[in-house]
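Reader: I am new to this structure and would ask for a close look at a single part of it, the largest pocket. Which elements and residues line the largest pocket?

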Amino acid sequence: MSRPRVIVSGMGVVSSIGGDVASFAEALRSGRSGVTRIAQPPVDIGALIENVDFAARLTPYPAHAAAARRLAGRAPFGAQAAIVAALEAWTQSGLQAGALAPEQIGLVVAGHNLTRAYQHAAHEVFARDPEYLSPRYALHYQDSDHLGLLSALIGVKGEGFICGAASASGAVGIIQASRLIRAGVVDACLAVGALVDLSPMEWQGFHNIGAMGGKRFRDAPQQACRPFDAAHEGFIYGQAAACLVLESQATAARRGAHALCEIAGGSIALHATASADPDADGAARAMTGALRDAGVAAHEIQYVNTHGTSSPLGDRTEIDALERVFGEAFPRVWLNSTKSLTGHTLTAAGALEAVATIVQMQGDFLHPNLNLVTPISARARFCGGEAIAAETRLAMSNSFGFGGINASVILRRGDHDV
Amino acid sequence: MPTEQIFALVKDAVLEALPHLAPEDVTIDKSLSDLGANSVDRMEVVILSMEKMSLKIPMMSFAGVNNLAGLVDVLKAHRA
């Protein structure tokens with residue numbers, strides 16, 4: 001008997017370039033960047049979510065809006081973003097109609113150290129008058145608060161946990177959620193790429209470790225994020241939350257649900273380092289592992305949604321790894337980086353970029369790779385400054401994180417009812 | 001500080017912790033549980049009320065409180 005297949009039945013996004021999947025897809029197609037000048041030293045450049053009015057963002061979900069406001073009206077901004085993304089995905093999945101028992105639905109929240117800005121603000125109260133620290137602090141400082149809020153709101157009672165893998169978290173979360181379904185632990189599982197809300201201390205830390213860009217292009221923020229361009233100089237922070245509802249193909253077929261895509265496979269590989277450095281061997285092992293898991297040959301992959309953070313070493317290392325994995329097929333594979341439009345959304349990135357990959361498959365296009373003036377590889381087939389028409393059947397999405405964490409996911413087009 | 005004035009501050013704290021409530025529903029005879037507050041909401045109302053009055057009262061002082069009138073009484077007793 002072949003193993004259960006895992007499909008995507010719902011998607012949701014809150015990002016700097018779109019507050020839902022439709023507007024996100026349109027921004028990708030038109031190449032609209034969310035990177036702007038912001039008031040956050042020492043970089044002062046980022047891709048922040050604007051208009052963070054929780055109540056307004058809940059209006060498309062009348063069945064859940066009042067409960068969401070009650071549960072999370074005063075929760076940290078990142079948790080509210082996760083709720084909005086999850087409600088969009090949940091509503092699209094059709095599972096809110098009750099086709100599955102709550103015990104058969106899981107919840108994987110991908111990300112960690114999510115509420116640093118909230119903690120930083122609370123510390124101001126604590127330093128002055130510890131007695132006046134909000135009792136909610138004890139709940140909200142913990143990343144697991146996302147599990148509580150989302151499960152209470154949506155009514156999820158199966159397996160659930162926080163899944164942490166630095167900037168690979170989103171991809172690792174999708175892989176773990178898929179495994180829960182394949183193993184028969186649950187029939188459906190929400191995989192949430194959670195927003196990392198940095199405090200001024202993390203901004204300074206990422207700057208001091210040399211990971212953040214925005215120096216040379218200080219006066220031209222929209223040009224600061226330039227994956228695979230010779231003038232790249234580090235990542236630009238972006239905010240997003242994304243959610244995918246994964247489901248066993250059998251369950252989805254039984255209830256007549258539409259498969260937006262199939263999660264064909266995935267793999268995670270460490271490269272045994274405590275540093276921030278990427279590693280071509282580790283990245284290549286994640287990619288080949290994902291291909292093997294999906295039963296797909298490298299030459300069948302038509303498009304790679306790269307990790308592509310605009311970091312000089314990271315971009316070069318990913319190209320090296322792609323050349324190893326794809327061999328002769330390398331010059332034929334389309335490459336772009338969603339981060340050129342959204343900035344680096346850290347632990348949300350893998351989930352956000354899975355959604356980006358799926359909407360490109362659905363819309364038969366590939367989005368631009370902004371600010372690519374002088375490509376670092378002459379052999380690579382990078383997308384340019386405009387979207388192109390492309391029919392993608394099989395795609396790969398890469399995510400790499402500090403601490404030597406490499407993850408790769410294979411997505412198969414899902415145009416037909418399962 | 002008169003009871004009415006303290007209750008007005010407590011009411012502000014209740015509405016801050018439980019923003020979905022209608023102000024006219026928050027009356028001094030009600031308990032926080034009557035108003036749908038859970039244990040964290042109740043702690044938050046107590047702490048917000050203390051902060052609004054610039055008081056620091058040991059939590060055990062609130063042990064016997066069973067409605068908003070009782071909360072007002074404890075706050076009043078510590079407001080020398």
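Author: Helices (H or I, at least four residues) and strands (E, at least two) are taken here as DSSP runs, numbered from the N terminus. With that convention, α12(A) gives the most to the lining of the largest pocket, namely five residues. This is a predicted model, in which local features need pLDDT of at least 70 and side-chain atom pairs count only at pLDDT 80 or more, while totals for chains, interfaces and linings use all residues. Residues are numbered from 1 along each chain as its sequence is written, chains are lettered from A and ligands numbered from 1 in the order in which they are written, and side-chain values use heavy atoms, with hydrogens and water left out.

A pocket is found on a 1 Å grid over the protein atoms alone, as an open set of points with protein on both sides within 12 Å along at least five of seven lines; a cavity is a set of points where a 1.4 Å probe fits but cannot get out, and lining residues have an atom within 4 Å of a point. Grid points are joined across faces, edges and corners, and a volume is the space filled by probe spheres set on the points. The largest pocket holds about 660 Å³ of space. Its lining consists of 36 residues, and those nearest the centre are A:S167, A:A211, A:F235, A:A276 and A:F402. At least two lining residues come from each of α9, α12 (312–326), β14 (394–401) and β15 (405–413) of chain A. By class, the lining has 15 nonpolar, 15 polar and six charged residues, where Ala, Val, Leu, Ile, Met, Phe, Trp, Tyr, Cys and Pro count as nonpolar, Asp, Glu, Lys and Arg as charged, and the others, Gly among them, as polar.

The pocket may next be placed within the chain. An automatic or database domain assignment divides chain A into domain 1 (6–261) and domain 2 (262–417). Each of these domains supplies at least three residues to the lining of the largest pocket. The centres of the two domains, taken over C-alpha atoms, are 20 Å apart. Their contact (heavy atoms within 4.5 Å) takes 73 residues from domain 1 and 69 residues from domain 2.

Helix α9 also appears in the largest nonpolar core: α3 (62–72), α4 (77–93), β4 (105–110), α7 (145–154), β6 (188–193), α9 (200–208) and β7 (240–248) of chain A each supply at least two of its residues. Such a core is a set of buried Ala, Val, Leu, Ile, Met, Phe, Trp, Tyr and Cys residues joined through side-chain atoms within 4.5 Å; buried means under 20% relative accessible area, exposed over 50%, and partly exposed in between, with a 1.4 Å probe and protein chains only. This core has 58 residues, and A:L58, A:I83 and A:L107 are among those with the most contacts inside it. Helix α4(A) gives the most to the core, with ten residues.

Helix α4(A) likewise provides the largest share, four residues, of the lining of the largest cavity. That cavity has a volume of about 70 Å³, and its lining includes A:F54, A:F77, A:Q80 and A:V84. A:F54 is also one of the residues in contact with A:I83, leaving aside neighbours within four places in sequence.
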